[in-house]
Structures are given as C-alpha cells and as structure tokens.
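Me: I have a model open and would like to go through the reasoning behind its descriptions. Could you take my questions one at a time?

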Amino acid sequence: MKKLVLETTSPFQGLPELVAYQEGLFAQEGIAIEWADRDEAGVKTADTSLTDVKGADPFVSHGTLFEQGKADMYNACEWGNYCRAGATGVGSRQVGRRAIVTYAAIVVRPESPVYTPQQLAGRKVGVPFYAGTHYLALHMLEGFLPRDQINVCRAPTGSRNRFNLMMKGEIEATTLTEPYITLAEKKGCRIICSAFFHGTEVASDRVDAETYAAFNRAVREAVRRINANKAAYLHYFVDYHKAKDPEIGTLKAEDIREGRIVVVDPAPIPADEMQRTYEWVKGWGMLDETSSPLQLVNMDVQNRAHATVQ
C-alpha cells in the first residue's frame, strides 16, 4: 500500500479528502493516508501596519511541513499556491485543482458603520496573507474600489482568530470561512460581500501520476457521495472545530447552508484560467521572479493523472 502524508486540512478546504479518509476510500485505492498536524492557526496576532504582502512569509501555515520534508502533499487556495510554488525550497509544484470550491465572505461586526463594499474604502480589512481569503478580498473589493483605497492588513490565519479581532474592533472587517460565517451571522454580524474560490493540490516529486490518479479516484467517489446527500456531511464543519472551540459546538449541522458547500470532481487547471490567474497575482506585486505559470505546475503529473480517471 502506498503511503501519502498530507498536511491537515479543515472541511472548508478539504471536505472531500476528509470524507474519503473517514469512509475508507483511499484505502480502497491502495493508499494509506497519514496526517501531518499543521498548525492551522499559524499567525495568531494582527499586524495592522503590515499592508504589503512582500513582508509576509507564504509558508506560515500551508506548506510549512511540506517545505520541511514532513508531508508529501497539501491543498490551499490556487493563488497562494502559485506563490508558494514560486518560493519553494524543495521543488513543490501544483498538480491540479482540489475538489471543494470554497465559500468565503467579508464580514463586519453588528455595530460597524459599514454596510456596502464601497464603505470599506481606506478601512482596515484584516486578511491572512497568502491564504485564499486574502486574494478573494482583493478580487471582491477591486470590483467596488480603486486599488489605492483597498486597505488590507495582515491578520491571523484561522477564522476564529480574525473573528475575535473584528469583534473587538481592532480591524473593521475580516474574511471568514465556514463554520465561522454561520457563527458570525448568529451573532448579528453582516456579510458585506462573498464569493467562491478554487484551490489546488501541491505535491512533491514523491507523488507520481499513478499515485495522484488513485488519490483522485477516491476523492471523486467522496464528491459523488457528498453531492448525493449533502445534508449528511454538514456535521463535518461543526465536529472538526468544536473540541478546540466550544462556541462552534453550539451550532447544529443544519445551521450550515447547503448552498455554501460546493464540491466538484478534481480536475486540471485550465490553461486560460492559469494564465489569467498568474497575470492577476503578478499585477498585485507577487511572482516577480516567475516568467511563466507553467513553472508553477507539474504539467506531466497533472495531465497523466487526470487523464487516467476520466
């Protein structure tokens, strides 16, 4: 049986992988999964003076164990993984899109004077640099504001930490994922804007096309099961967090909106989207030393692995 060590993943970014593991689907494909316990909280304090992502470390959470040789694969947002693959010291490359399409939102506390994205002009929006909701915040806000009026600053990784800072008024708004969006709504917070975003899998050269194909077959079956009865899997969003966060334990599985949970078959990164993503990230002052997005993807493993599971 082939062993794969994965960095730990929360349901909002890895529900199909967690289902495949819990329901024995990886084992059926001849893969023994081990989890490397990544500190998903990573940065725990805000630095509202840090507004330039170039001053931050892309590996403070996702990829940190991978870069130390302690994991074979991890998944994270596609934009951040472009940057991590560009900065890797161990030759990591993306090998395809993950199965969950993550939902996230910019949220303000109940007494905030902000009701629309335009009203966030110049106000501090705390985001976890290099994580998915950092890039999603930029995407959403630049639809309403000139770039020089978008004021994102570094806030902790982990929605719980950012939620606490927002509620204390240290930042005007922040980005959250489930189940913390649901918790915020229960506490009277307002969603200012929201959207979905893709993520990708990053692998070392120890993961060949045959292994990644088997991994994807297990994930595809998990996707099928989730989509067949989504309500049966909402409890993952509560169960995963409640031991460390008793307030999440006050939520019921049915509190999570099914429409916010979107899973699809893992697939290659489309070439046109790859190029647009690369150019957009580069336009925000990142990937300065990368001349082509093809440098950030193992095209051979991606193409061969996905071709075998079609």
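Me: Which residues in α1 meet which residues in α8?

Reply: Happy to help, and please keep in mind that this is a predicted model. On the α1 side they are L15, P16, E17, V19 and A20. Their partners in α8 are F215, A218, V219, A222, V223 and I226. By type, this contact divides into ten nonpolar residues, no polar ones and one charged.

Me: Why are α1 and α8 called roughly perpendicular to each other?

Reply: The angle decides. Helix α1 (residues 11-22) and helix α8 (residues 209-228) pack at about 100°, and angles of 65 to 115 degrees count as roughly perpendicular. The α1 and α8 pair therefore gets that label. Their axes are 8 Å apart.

Me: What makes S292 partly exposed, rather than buried or exposed?

Reply: Buried means under 20% relative accessible area, and exposed means over 50%. S292 has 22%, so it is partly exposed. You will find S292 in the loop between α10 (271-283) and α11 (299-307). If you want a distance to try in your viewer, S292 and D72 are 24 Å apart from C-alpha to C-alpha, with their positions 220 residues apart in sequence.

Me: How do you know that helix α4 is mostly covered?

Reply: By counting its buried residues against the same kind of cut-off, under 20% relative accessible area. Eight of the ten residues in α4 (residues 78-87) are buried. These are E78, W79, G80, N81, Y82, C83, R84 and A85.

Me: What covers the buried residues of α4?

Reply: The cover includes the strands β3 (73-77), β4 (93-97), β9 (190-197) and β10 (199-203). It also includes the helices α5 (132-141) and α10.

Me: How do you know that the radius of gyration agrees with a compact globule?

Reply: We set the value against the rule of 2.2 Å times the number of residues to the power 0.38. For 310 residues a compact globule would come out near 19 Å, and the protein has 19 Å, so the two agree. The C-alpha trace spans about 55 × 45 × 30 Å along its principal axes.

Me: What else describes the protein as a whole?

Reply: It has eleven helices and eleven strands. Of the 310 residues, 56% are buried. Among contacts between residues at least 6 apart in sequence, 81% join residues at least 24 apart. The accessible surface comes to about 12400 Å², with 48% belonging to carbon and sulfur atoms.

Terms used
Residues are numbered from 1 along each chain as its sequence is written. This is a predicted model: local features need pLDDT of at least 70, side-chain atom pairs count only at pLDDT 80 or more; totals for chains, interfaces and linings use all residues. Side-chain values use heavy atoms; hydrogens and water are left out. Axes are lines fitted to C-alpha atoms, for helices over the stretch in contact, and angles run from 0 to 180 degrees between N-to-C directions. Helices (H or I, at least four residues) and strands (E, at least two) are DSSP runs, numbered from the N terminus. Angles under 35 degrees count as roughly parallel, over 145 as roughly antiparallel, 65 to 115 as roughly perpendicular and the rest as oblique. Contact means heavy atoms within 4.5 Å. Ala, Val, Leu, Ile, Met, Phe, Trp, Tyr, Cys and Pro count as nonpolar, Asp, Glu, Lys and Arg as charged, and the others, Gly among them, as polar. Buried means under 20% relative accessible area, exposed over 50%, partly exposed in between (1.4 Å probe, protein chains only). Accessible areas come from the Shrake-Rupley method with a 1.4 Å probe; for residues, only the protein chains shown count as cover.
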